[in-house]
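Here are some notes for anyone opening this one for the first time. They go point by point, so keep the viewer open beside you.

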Amino acid sequence: MEPRVLPPSFRQLRHNIICWKVIHVLLLAVAILPAARGLKCNVQSGSSCICHMDDGSGSIDLSAVSSKDKPFFSGIKNGGSTYSFNPCSQFTDKSCKNAIVCQDDRTCCGRPTEVSFDVSKQPPLVTYGKGDVLGKAARISIVVLKCDPKQDHTLTMDGENPRGTYHFTLTSKYSCVVKPPPPPPTTQAPPPPVDTTPAPRPQPTAAPTVYHHKEDSQVSVGTILDISMLMVLITYLVAGTSFMYFRRGERGKDALPNIAFWMALPGLIKEGSLFLVVKVRSLRGGSSAGYDAL
């Protein structure tokens, strides 16, 4: 049993549907990829508590809730342990050295050498890594920056999950994203003084003689006929080829309209030319049998 062959019109329709699906997928990818990139807050060089949005929309600055060489937050209790936290500067507390976050004054849970802000989540997060090693991995601390314009600063310890990852929440007005200040107004120089001195009256001069050259800008009848014939020929070819291709299923040169006539046209022109030559010769006194000879 021979496989069923779809008509040309159905094959063309299926081809068009596939093309539209491909275009739709490409457009969807172009729309999604920029959104998937997400907003980033880049840590300021030389600081562990200040970051700036990569689109220039603002920054987060925790320097107001930080001390120098000692923890700003201390005595934060959870699960039988006591924690200390200083967002901007490292401190040393007994055996907990060069730390941002300390547990029980002996274990470093995060250092300023590895800091990252994540503003793709709400509220944003700041992560301090490279703490003391626990097992095969270094301890890290994750601080949720909860924005509250009415709250000065409150730090809570939310637990350890998984083991070696410590979670805190800093509720403060300093956890908010601060928009950049507006640019200073530009100062404009005062306008120059206006010269009120009357201008001298121009002396009358003879008007120059102007010669006008009349140009013929009209389109000739021959040009209009040429354009009309070209448009008729294009319409004939496009409409005829479309009809033969989609309606009758013709392919190749057979899809051209009246192909048999156009292929026979050179021979007809040749025969007509020969007939004219023989007719002229007969009128001038020649023999009419010359046509058959030709």
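1. Start with aspartate 104, in the loop between β8 (101-103) and β9. This is a predicted model, and in it aspartate 104 has a phi near 55°, a positive value in a residue other than glycine. Is its surface buried, exposed or partly exposed? Aspartate 104 has a relative accessible area of 21%, so it counts as partly exposed, given that buried means under 20%.

2. Stay with aspartate 104 a moment, as its side chain also meets that of arginine 106 in a salt bridge, at 3.8 Å from N to O. Arginine 106 sits on the other side of a cut-off: its relative accessible area is 52%, so it is exposed, the limit being over 50%.

3. How many salt bridges does the structure hold? There are three. Another one pairs aspartate 132 with arginine 111, and their closest N and O atoms are 3.2 Å apart. This pair links distant parts of the chain, 21 residues apart: aspartate 132 belongs to the loop between β11 (125-128) and β12 (133-134), while arginine 111 belongs to the loop between β9 (107-110) and β10 (115-118). Aspartate 132 is partly exposed, at 23% relative accessible area.

4. Lysine 121 and aspartate 118 make a salt bridge too, with 3.0 Å between N and O. Both ends come out as partly exposed: lysine 121 has 44% relative accessibility, and aspartate 118 has a relative accessible area of 24%.

5. Next, have a look at the cis peptide bonds. One runs from glutamine 122 to proline 123, with omega near 0°, and proline 123 has its place in the loop between β10 and β11. Another runs from asparagine 161 to proline 162, with omega near -5°. You'll find proline 162 in the loop between β15 (153-160) and β16 (165-172).

6. Now go back towards the start of the chain for some hairpins. Strands β1 (residues 41-43) and β2 (residues 50-53) run antiparallel and are joined by three bridges. Which residue of β2 is the bridge partner of asparagine 42? That would be histidine 52. Six residues lie between the two strands, and in this hairpin glycine 46 takes a positive phi near 80°.

7. Histidine 52 turns up again on the other pairing of β2, standing opposite serine 59 in β3. β2 and β3 (residues 59-61) are antiparallel as well, over three bridges. The hairpin between them has five residues between the strands, and glycine 56 there has a positive phi near 75°.

8. Further along, β6 (residues 91-93) pairs with β7 (residues 96-99) in the antiparallel sense, over two bridges. Phenylalanine 91 faces alanine 99 of β7 in this pairing. The hairpin has two residues between its strands, and lysine 94 is where phi goes positive, near 60°.

9. Serine 67 is worth a click. It has its place in the loop between β3 and β4 (73-78), and at 18% relative accessibility it counts as buried. Its C-alpha is 6.6 Å from that of asparagine 86, though the two are 19 residues apart in sequence.

10. On to the helices. The 27 residues of α2 should span 39 Å at 1.5 Å a residue, and the end C-alpha atoms are 38 Å apart, so the two agree. Methionine 231 lies in α2, which covers residues 221-247. Methionine 231 also belongs to a nonpolar surface patch with Ile227, Leu230, Ile234 and Val238, and together they have about 470 Å² of accessible area. On its own, methionine 231 has 47% relative accessibility, so it is partly exposed.

11. Just after α2, glycine 249 takes a positive phi of about 75°. In the loop between α2 and α3 there is also asparagine 258, with a positive phi of about 55° although it is not a glycine. Asparagine 258 is partly exposed, at 49% relative accessibility.

12. Last comes α3, residues 259-283. Its 25 residues reach 37 Å from first C-alpha to last, close to the 36 Å expected. Where does α3 bend? At leucine 265, by about 40°, and proline 266 follows within four residues.

Technical notes. Residues are numbered from 1 along each chain as its sequence is written. This is a predicted model: local features need pLDDT of at least 70, side-chain atom pairs count only at pLDDT 80 or more; totals for chains, interfaces and linings use all residues. Side-chain values use heavy atoms; hydrogens and water are left out. Patches are made of residues with over 30% relative accessible area and no salt bridge: like charges are joined within 9 Å, nonpolar side chains (Val, Leu, Ile, Met, Phe, Trp, Tyr) within 5 Å. Accessible areas come from the Shrake-Rupley method with a 1.4 Å probe; for residues, only the protein chains shown count as cover. A salt bridge is a side-chain nitrogen of Lys or Arg within 4 Å of a carboxyl oxygen of Asp or Glu. Buried means under 20% relative accessible area, exposed over 50%, partly exposed in between (1.4 Å probe, protein chains only). The expected span of a helix is 1.5 Å times one less than its number of residues. The bend at a residue is the angle between axes fitted to the seven residues ending there and the seven starting there. Two strands pair if DSSP finds at least two bridges between them.
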